[in-house]
Amino acid sequence: MTTTTDTTADRALKARHRAMWALGDYPAVAVDVIPELGPELVAASRVRAGDRVLDVAAGTGNAAVPAALTGATVVAADLTPELFVAGREFADRHGVTVEWQEADAEALPCGDGAFDVVLSCVGVMFAPHHQRAADELVRVCRPGGTIGLLSWTPQGFVGELFRTMKPYAPPPPPGSQPPPRWGDEHHVRALLGDRVTDVVARRQTLTTDPFPTPEAWRDYWKTVYGPTIAVYRTIADDPERVAALDRDLAALVARFDRGTDTTVMDWEYLILTARKRG
Ligand SMILES: C[S@@+](CC[C@H](N)C(=O)[O-])C[C@H]1O[C@@H](n2cnc3c(N)ncnc32)[C@H](O)[C@@H]1O
């Protein structure tokens, strides 16, 4: 049977996604912008010494490394192995061992029930086929184990960032779904369905470091964040569109800016944990 993940079109889509996440400097984003999210997810998911943990779409190990620091045995899986270089350095700096594995969240190379805890920190939300990815999270978690997910919400800054960039980006392939839907508790509950119990969800915010102006933040983001860099590349031949996106992004940042002398934003995310039914 042909599944979503073994078609030529899907392989090409995943190759584009891999190239996109390798653009810019995602390791800097993980360390400088969202470092507290990984430990937050690990704590909410109650990872303990001896647990077998899978971090899905792990990037440079923002959740995997703090999970390993608890004494858990951790596999960090991601579509973009280019990020593992920084991930290995991050793990080394903390004196922990993490196994790094190239993997598509929609087709994890892991056995059924292989992990006590399955985590994803602003990661699985970027796999385009939500149900397929959710099914994999559930499949590789053992009965009674924990699934812990941290995702940007649609109405929060990152959700609005993707909405702002959308008119400038190529149309998404048929069947792919917008990442910030994973930040909607009802959507995630429906994806996981009655295969899980004890769902706990709360919305929280991450406060960003100060920048001098919205434009300064936008210009920084244009150098580090793969999805934003990729959108600018698609319109690079059209200076008016580039200027329009520049204006739209600065206006978005200004809308979220609650700083006085500097630009400071609160980015909303959903943190959700669930227990796989025994
Ligand atoms: C915003 S980064 C988050 C990385 C990390 N979890 C963190 O907290 O810093 C999104 C990650 O999702 C990964 N990713 C995107 N699509 C994926 C897929 N289909 N399967 C596995 N990983 C994927 C990217 O390579 C990237 O590392």
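This report walks through a predicted model of a protein with a ligand, from its confidence scores to its core, its ligand site and a handful of single residues.

## How confident is the model?

Since this is a predicted model, the confidence scores make a good starting point. The mean pLDDT of the protein is 97, and 98% of the residues reach 70 or more.

Which elements sit at the two ends of the scale? Among the elements, helix H1 (residues 8-21) has the lowest mean pLDDT, at 96. Strand S1 (residues 52-56) has the highest, at 99.

## The nonpolar core

In soluble globular proteins, nonpolar side chains tend to be buried together. Here, the largest nonpolar core has 92 residues. Those with the most contacts inside this core are Leu-54, Trp-152, Phe-157, Trp-182, Trp-221 and Trp-267. Helix H11 (residues 239-256) supplies the largest share of the core, with seven residues.

Take Leu-54 for a closer look. Once its neighbours within four places in sequence are set aside, Leu-54 is in contact with Val-75, Ala-77, Leu-108, Cys-110, Phe-115, Val-117, Val-118, Leu-119 and Val-140.

## Around the ligand

How many residues surround the ligand? There are 20, and the closest are Tyr-26, Asp-78, Thr-80, Ala-105 and Cys-121.

Some of the polar atom pairs can be picked out one by one. A polar side-chain atom of Asp-78 lies 2.6 Å from an oxygen atom of the ligand. For Thr-80, an N or O atom in the side chain is 2.6 Å from an oxygen atom of the ligand. With Ala-58 the backbone takes part: one of its N or O atoms lies 3.5 Å from a nitrogen atom of the ligand. On its own, the ligand has 590 Å² of accessible area, and the protein covers 99% of that.

## Two buried residues in helices

Glu-136 belongs to helix H6 (residues 130-140). Is Glu-136 buried or exposed? Its relative accessible area is 6%, so Glu-136 is buried. Leaving out neighbours within four places in sequence, Glu-136 is in contact with Ala-105, Glu-106, Ala-107 and Leu-108. One of these, Ala-105, is also among the residues closest to the ligand.

Trp-217 is part of helix H9 (residues 214-224). This tryptophan counts as buried because its relative accessibility is 4%. Apart from neighbours within four places in sequence, its contacts are Phe-157, Phe-211, Val-253, Met-265 and Trp-267. Phe-157 and Trp-267 also appear among the residues with the most contacts inside the largest core. Trp-217 and Leu-249 are 32 residues apart in sequence, with their C-alpha atoms 9.4 Å apart in space.

## Two residues with positive phi

Most residues other than glycine have a negative phi. Ala-57 has a positive one, near 55°. Ala-57 is found in the loop between S1 and helix H4 (64-69). With a relative accessible area of 24%, Ala-57 is partly exposed.

Asp-198 isn't a glycine either, yet its phi is positive, at about 55°. Where is Asp-198 found? Its place is in strand S6 (residues 196-207). Asp-198 counts as partly exposed because its relative accessible area is 49%, and the exposed class starts over 50%.

## Loop residues and an exposed alanine

Gly-111 is in the loop between strand S3 (99-102) and strand S4 (115-121). At 40% relative accessibility, Gly-111 is partly exposed. Not counting residues up to four places away in sequence, Gly-111 touches Arg-139 and Val-140. Val-140 is one of the contacts of Leu-54 too. Trp-100 is eleven residues from Gly-111 along the chain, and 16 Å separate their C-alpha atoms.

Ser-176 lies in the loop between helix H7 (157-165) and helix H8 (185-192). Its side chain reaches the backbone oxygen of Pro-173 at 3.0 Å. Leaving aside neighbours within four places in sequence, Ser-176 is in contact with Pro-128 and His-129. Val-42 is 134 residues from Ser-176 along the chain, and their C-alpha atoms are separated by 28 Å.

Last comes Ala-43, in helix H3 (residues 37-44). Ala-43 is exposed, with a relative accessible area of 55%. Along the chain, Ala-43 and Gly-148 are 105 residues apart, and their C-alpha atoms are separated by 9.8 Å.

Terms used:
Residues are numbered from 1 along each chain as its sequence is written. This is a predicted model: local features need pLDDT of at least 70, side-chain atom pairs count only at pLDDT 80 or more; totals for chains, interfaces and linings use all residues. Side-chain values use heavy atoms; hydrogens and water are left out. pLDDT is the predictor's confidence in each residue, from 0 to 100. Helices (H or I, at least four residues) and strands (E, at least two) are DSSP runs, numbered from the N terminus. A nonpolar core is a set of buried Ala, Val, Leu, Ile, Met, Phe, Trp, Tyr and Cys residues joined through side-chain atoms within 4.5 Å. Buried means under 20% relative accessible area, exposed over 50%, partly exposed in between (1.4 Å probe, protein chains only). Contact means heavy atoms within 4.5 Å. A residue is near a molecule or strand if one of its heavy atoms lies within 4 Å of it. A polar contact is a pair of N or O atoms within 3.5 Å; within protein, one must be able to donate a hydrogen and the other to accept it, and residues adjacent in sequence count only if both atoms are side-chain atoms. Accessible areas come from the Shrake-Rupley method with a 1.4 Å probe; for residues, only the protein chains shown count as cover.
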